[in-house]
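Trainee: I should like to learn how the features of a model are read, beginning with the ligand site. May we take them in turn?

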Amino acid sequence: MASKFTSAIVRLFHDPAERRRLQGPIIEVAIAIIVRDGEILVTRRKEGVHLPGLWEFPGGKRDSGETIRACLLREVKEELGATVEIERLFWERSHDYADRTVILHAYFCRLLSGDLMPLASQELKWIRPDSLLSLPFPEANRPLLEKLAKELSRDSLEKKG
Ligand SMILES: Nc1nc2c([nH]c(=O)n2[C@H]2C[C@H](O)[C@@H](COP(=O)(O)OP(=O)(O)OP(=O)(O)O)O2)c(=O)[nH]1
């Protein structure tokens, strides 16, 4: 049986009333939650793009014909010059911005290799989970940040790191 999330997404794409309500394209986005030594990696969006200057998790748009997991591995490589292993799906949600709808798929990932470089962002940094809510993130990320802050107690992070 389809999950509640899958049914909502099918409705987004196929229900004519939903399509009329939405402004602009529906974009699927894979994002990586990378944890190391109790801290989470965040990157800062460039100026001149959608949501300029905000902090976010590395990731990006799924190309046509690509799976969401393949998209995640490709985006991490392109944006950070690093290789990760996907551990598990953590959170999925669609969000309507004024000019587009994004469907975010967030996965916990483990860093396998590579020196991290901000190849597609202004900067990157590692932050403790209790600082997540104090950074300016896109509106769509708020429920994800709340879930993460709850889930990632100091102890559980250290086990993952
Ligand atoms: N990567 C990322 N994107 C996010 C997050 N939260 C959020 O609302 N978004 C939105 C911003 C963008 O509208 C969309 C991702 O698109 P993007 O512009 O980063 O994708 P991309 O790297 O493929 O960029 P490009 O090919 O257009 O240069 O998802 C997040 O935490 N990480």
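Mentor: The discussion below covers the ligand site, the cysteines, some buried residues and the backbone. This is a predicted model, in which local features need pLDDT of at least 70 and side-chain atom pairs count only at pLDDT 80 or more, while totals for chains, interfaces and linings use all residues. Residues are numbered from 1 along each chain as its sequence is written, and side-chain values use heavy atoms, with hydrogens and water left out.

Trainee: How many residues surround the ligand, and which are the closest?

Mentor: A residue is near a molecule if one of its heavy atoms lies within 4 Å of it. Here 19 residues surround the ligand, the closest being His50, Phe57, Lys61, Tyr97 and Asn141.

Trainee: Which elements each supply at least two residues of that shell?

Mentor: Helices (H or I, at least four residues) and strands (E, at least two) are DSSP runs, numbered from the N terminus. Strands S1 (26-36), S4 (59-61) and S6 (101-113), together with helix H3 (68-80), each supply at least two shell residues. S4 gives the most, with three residues.

Trainee: Which polar atoms of the protein lie beside a nitrogen atom of the ligand?

Mentor: A polar contact is a pair of N or O atoms within 3.5 Å; within protein, one must be able to donate a hydrogen and the other to accept it, and residues adjacent in sequence count only if both atoms are side-chain atoms. A polar side-chain atom of Asn141 lies 2.7 Å from a ligand nitrogen, and one of Glu56 lies 3.2 Å from a ligand nitrogen. Gly59 places a backbone N or O atom 3.3 Å from a nitrogen of the ligand. The protein covers 78% of the 630 Å² of accessible area that the ligand has on its own (Shrake-Rupley method with a 1.4 Å probe; for residues, only the protein chains shown count as cover).

Trainee: How many disulfides are there?

Mentor: A disulfide is a pair of cysteine sulfur atoms within 2.5 Å. A search of the whole structure finds zero. For Cys71, the nearest cysteine sulfur is that of Cys109, 11 Å away.

Trainee: Are these two cysteines buried or exposed?

Mentor: Buried means under 20% relative accessible area, exposed over 50%, and partly exposed in between (1.4 Å probe, protein chains only). Cys71 is buried at 0%, and Cys109 is buried at 2%.

Trainee: Where is Arg100 placed, and is Arg100 buried or exposed?

Mentor: Arg100 is in the loop between strand S5 (83-96) and S6, and is buried with a relative accessible area of 17%. Its side chain makes a polar contact of 3.1 Å with the side chain of Asp99.

Trainee: What can be said of His95 and Leu148?

Mentor: His95 lies in strand S5 and is buried, at 18% relative accessible area. His95 and Ile26 are 69 residues apart in sequence, with 9.5 Å between their C-alpha atoms. Leu148 belongs to helix H4 (residues 142-151) and counts as buried at 0%.

Trainee: Which residues have a positive phi although they are not glycine?

Mentor: Most residues other than glycine have a negative phi. Asp37 has a positive phi of about 50°; Asp37 lies in the loop between S1 and strand S2 (39-44) and is exposed at 60%. Leu51, with a positive phi of about 55°, lies in the loop between S2 and strand S3 (55-56).
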